[in-house]
Amino acid sequence: MQYFKLQIKRILKSKFTWISLILILSICAYFLRINYIVNNVDSHDLSQAKSNLIIQQRNIKYFGKALKDSKLGTQEKKQMTGDLKEAKSTSKELQTLIGVLKNNDWKTAYPIMIRQEKRNLASAKKDNLDNALLAMSKRDLRQLEILAKLQIPKENYASIKGGFFVLQMMETTIPPLVVLAVIFILVKIYSAGFFERMRLGNLLPQKKLALTEFYTGIIIGFGYFLLVFFLIFLLPSLFFGTGNFNYPITAMNPQAKEYIFIPMFRLFLPTLFLELLSLAFIAAAVLLIIQLFKRRLVALLLSVFILVGGMVLPQFVIGVRSFAQYLPMSYFFALQPVEGMFGISNAYTFADENQLVTYPQVNFRNGVIVLVIGTIVILFLNCLIAKSTQKGRKIK
């Protein structure tokens with residue numbers, strides 16, 4: 001307990017702790033500002049409706065002018081008359097949609113949007129579009145049907161509300177920044193000389209000391225993450241609200257390669273749990289690297305290279321994803337396995353696959369298994385090294 005209290009005081013007094021926290025919050029605030037700017041212009045649905053209306057109005061002019069051409073045959077004139085009638089009908093529907101969207105009348109807007117999306121899906125099937133585009137069209141239709149049933153207003157894709165924003169940041173931004181900051185903090189406390197006198201005098205069993213350092217690392221790492229998580233959730237919530245926790249968040253059934261929707265509140269606990277296991281693995285891994293290499297700078301560079309590199313690599317390199325389920329670092333982006341969106345939703349991918357490729361093996365269940373086994377193995381190695389170190393000092 002004395003060791004834990006001392007390390008907490010060291011962390012709270014450290015300038016790096018507060019600088020890193022402010023830096024992470026500043027980066028997230030930058031994205032919040034972008035979302036705020038996007039929210040101050042027309043929503044995606046309203047902009048799309050306006051663009052479609054312009055297209056239909058041009059079609060009306062084109063078909064009306066073309067029908068005046070005396071050279072048209074009977075069949076061509078009949079086809080063009082039908083197209084003109086359809087363009088006028090669609091134009092009238094779009095004008096109605098634009099009006100109700102401006103008034104936030106979602107009860108009236110949803111039936112119109114659902115009809116349009118059904119036409120889009122039918123057109124996509126008729127044109128034999130690839131599976132990825134078909135899945136997206138089905139996704140959009142399904143989301144509208146769920147929102148209409150729940151009578152929940154559709155949220156802008158760049159939301160400023162607390163619940164939506166923290167999930168957006170958990171997708172790509174918070175995990176690597178927090179992992180990097182926690183590595184710096186753990187390297188500092190693990191390499192500190194507070195227990196060096198006890199080590200030299202063998203006043204405390206090394207196995208017990210290794211476990212104490214491990215537990216301290218977990219508490220500090222997860223505590224730091226929770227602080228970041230709740231601040232990024234609370235600050236937007238104070239100004240813009242939390243958002244509806246029953247809102248259907250887009251997820252993926254990777255086995256069926258179909259988009260599904262999960263209520264927002266069901267994402268938080270499994271995501272936080274997987275992040276806790278990730279930080280436990282990080283605490284054990286950094287401690288092992290410190291014990292092996294002892295020098296702070298070397299341990300820091302190796303920790304960043306192995307943990308952050310291993311975390312980001314599957315996001316960049318498609319080839320790595322074939323065995324990503326065996327890498328504990330693949331689960332540091334905790335929200336992706338929970339949503340089933342690993343390899344689909346992240347913003348880091350250099351090369352997009354032409355077809356919808358999913359990775360069902362990278363899931364919450366496998367994440368728990370891999371992280372727990374990885375942590376136990378590394379912790380066992382920590383205890384072995386600590387015990388051998390103590391025996392060596394006793395012989396001397």
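# A guided tour of the model

Before you select anything, take in the whole chain: residues 24 or more positions apart account for 75% of the contacts in the protein with a separation of 6 or more. What you have open is a predicted model. The protein has 14 helices and two strands, and of its 396 residues, 46% count as buried. If you switch on a surface view, about 21300 Å² is exposed, with carbon and sulfur atoms supplying 63% of that area.

**Stop one: the core.** Select Ile174 and Ile282. In the largest nonpolar core, which holds 98 residues, these two touch the most other members. Now colour helix α11, residues 265–293; this helix gives the most to the core, with 17 residues. Which residues surround Ile174, leaving aside its neighbours within four places in sequence? Show Cys28, Val166, Met169, Phe225, Val228 and Ile232, which are in contact with Ile174.

**Stop two: along helix α11.** Stay on this helix and pick Ala283. Is Ala283 buried or exposed? Its relative accessible area is 0%, so Ala283 is buried. Once residues up to four places away in sequence are set aside, Ala283 touches Leu186, Tyr190, Phe214, Gly217 and Ile218. Add Tyr215 to your selection too: it lies 68 residues from Ala283 along the chain, yet their C-alpha atoms are separated by 8.2 Å.

**Stop three: the rings.** The whole structure contains 17 aromatic pairs. One of them joins Phe245 and Phe268 edge-to-face, with 6.2 Å centre to centre and 75° between the planes. This pair links distant parts of the chain, 23 residues apart: Phe245 sits in the loop between α10 (206–240) and β1 (248–253), while Phe268 belongs to helix α11. Phe245 is partly exposed, at 32% relative accessible area, whereas Phe268 counts as buried, at 15% relative accessibility. Widen the selection to Phe222, Phe225, Phe229, Phe230 and Phe233, which ring pairs link into a cluster with Phe245 and Phe268. You have already met Phe225, as a contact of Ile174.

**Stop four: the hairpin.** Next, display β1 and strand β2, residues 258–263. The two run antiparallel and are joined by six bridges. Look across from Thr250 and you will find Phe261 of β2 standing opposite. Four residues lie between the strands of this hairpin, and Lys257 takes a positive phi near 55°. While you are here, select Tyr259 and Arg139: the arginine lies over the face of the Tyr259 ring, at 5.0 Å from the ring centre.

**Stop five: helix α7 and the loop before it.** Select residues 162–172 to bring up α7. Why can this helix be called largely enclosed by the rest of the structure? Ten of its eleven residues are buried, so the description fits. Among the buried ones are Gly162, Gly163, Phe164, Phe165 and Leu167. Val166 and Met169 are also buried, and both are contacts of Ile174 from the first stop.

Finish with Asn156, in the loop between α6 (131–150) and α7. With a relative accessible area of 13%, Asn156 is buried. What does Asn156 touch, not counting residues up to four places away in sequence? Show Val38, Asn39, Ser43 and His44 to see its partners.

Conventions. Residues numbered from 1 in each chain as written. Predicted model: local features only at pLDDT ≥ 70, side-chain atom pairs only at ≥ 80, totals over all residues. Heavy atoms only, no water. Core = buried A, V, L, I, M, F, W, Y, C linked by side-chain atoms within 4.5 Å. Buried < 20%, exposed > 50% of the residue type's maximum accessible area, 1.4 Å probe, protein only. Contact = heavy atoms within 4.5 Å. Phe/Tyr/Trp six-rings, centres within 6.5 Å; stacked < 30°, edge-to-face > 60°. Lys NZ or Arg CZ within 6 Å of the ring centre and 35° of its normal. Pairing = 2+ DSSP bridges. Areas by Shrake-Rupley, 256 points an atom, 1.4 Å probe, with all protein chains shown as cover.
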